[in-house]
Amino acid sequence: FFLALYFLMSDFNMIRGFVIQRIDRQLLNSLSLLKNSALKGVIGYIKTQFILAGIAFVFMFLAFTIYQHPYSFIIALALAIVDIIPLLGTIAVLVPWGAIELIGGDTTKGVFLILLGVIFFVFRRLTEPKVMGKQTGLPPLLALIGIYAGIQFSGLWGALLGPLVMILAISVFNSGILDNTIADLKEVYHKT
């Protein structure tokens, strides 16, 4: 593998020139558009996760500061890092922590933590498709469908990859690679 990778990297310019000379210009333009769209989608998805983590940090920092909890900054930072992980997020930390506080006898803190976790969970689920749509160019409804379809197909990895697959599918459709195939299918439909 590494030997093949080395040879591909060392001869990359020659291979690229060889392929470019033999590929149809329209296909080459479509592939370039597809690459740019997919790259924009992936970068947008990563930016989305960092924006949502930043929102989580500010939200948690304000909530813990208002509650006058010591180490608000460090806790908010840790929760923002945990929030990057899809499906787990802050609720996976705050609800068990709140339950432990309730069992330990500090009902005020326990209720605060559980409510904070639930409120932020709902807030994130409402804002995530909108932020993702703005960063990736994917409409919010399609971003939401990508997230939940991905969860249904393969859980945590599906939640990460679902929107990316949706972005790639839309990029393929918009690139024009399938135009001839779609025209042929329409022709077959009209003839039948």
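# Helix packing, questions and answers

Me: Are α3 and α6 roughly parallel or roughly antiparallel to each other?
Reply: Happy to start here, with the reminder that this is a predicted model. The axes of α3, residues 25-66, and α6, residues 107-136, cross at roughly 150°. An angle over 145 degrees falls in the antiparallel class. Therefore the relation of α3 to α6 is roughly antiparallel.

Me: Within what distance do the axes of α3 and α6 come, and what is the hand of their crossing?
Reply: The two axes come within 9 Å. As for the hand, α3 passes α6 in a crossing that is right-handed.

Me: How many charged residues are in the contact of α3 with α6?
Reply: Sorting this contact by class puts 17 residues in the nonpolar group. Another seven are polar, and the charged ones number four.

Me: Is α5 roughly parallel or roughly antiparallel to α6?
Reply: Helix α5 covers residues 91-104, and its axis comes within 7 Å of that of α6. The crossing angle is roughly 160°, and the antiparallel class takes angles over 145 degrees. So α5 and α6 are also described as roughly antiparallel.

Me: Is the crossing of α5 and α6 left-handed or right-handed, and how many nonpolar residues does their contact have?
Reply: For α5 and α6 the crossing is left-handed. Among the α5 residues that meet α6 are Ile-91, Trp-97 and Leu-102, while the α6 side includes Val-111, Leu-113 and Phe-121. By class, four residues of the contact are polar and two are charged, and the nonpolar count is twelve.

Me: At roughly what angle do the axes of α3 and α4 cross?
Reply: The axes of α3 and α4 come within 8 Å. Their directions make α3 roughly antiparallel to α4, a class that needs an angle over 145 degrees. The hand is right-handed, and the crossing angle is roughly 150°.

Me: Which class has one residue in the contact of α3 with α4?
Reply: In α3, residues including Leu-52, Phe-57 and Phe-61 take part, and they meet α4 residues including Phe-73, Leu-77 and Asp-83. The class counts are 13 nonpolar and two polar, with one residue that is charged.

Me: Which helices each supply at least two residues of the largest nonpolar core?
Reply: This core has twelve residues, among them Met-60, Phe-64, Ile-75, Leu-79, Leu-116 and Phe-120. Apart from it lies another core of seven residues, including Leu-138 and Ile-147. For the largest core, the helices that each give at least two residues are α3, α4 and α6.

Me: Which residues contact Ala-56, leaving aside its neighbours within four places in sequence?
Reply: Ala-56 belongs to the largest nonpolar core, and is also one of the α3 residues that meet α4. Once neighbours within four places in sequence are set aside, its contacts are Ala-80, Asp-83 and Phe-120.

Me: Is Gln-68 buried or exposed?
Reply: Gln-68 lies in the loop between α3 and α4, and has a positive phi near 60° without being a glycine. Its relative accessibility is 70%, and the cut-off for the upper class is over 50%. So Gln-68 counts as exposed.

Me: What is the relative accessible area of Tyr-71?
Reply: Tyr-71 lies in the loop between α3 and α4. Although Tyr-71 is not a glycine, its phi is positive at about 65°. Tyr-71 is exposed, and its relative accessible area is 62%.

Definitions and conventions. Residues numbered from 1 in each chain as written. Predicted model: local features only at pLDDT ≥ 70, side-chain atom pairs only at ≥ 80, totals over all residues. Heavy atoms only, no water. Axes fitted to C-alpha atoms, helices over the stretch in contact; angles between N-to-C directions. Helix = DSSP H or I, 4+ residues; strand = E, 2+ residues; numbered from the N terminus. Parallel < 35°, antiparallel > 145°, perpendicular 65-115°, else oblique. Left-handed = near helix turned anticlockwise from the far one by under 90°. Nonpolar A, V, L, I, M, F, W, Y, C, P; charged D, E, K, R; others polar. Core = buried A, V, L, I, M, F, W, Y, C linked by side-chain atoms within 4.5 Å. Buried < 20%, exposed > 50% of the residue type's maximum accessible area, 1.4 Å probe, protein only. Contact = heavy atoms within 4.5 Å.
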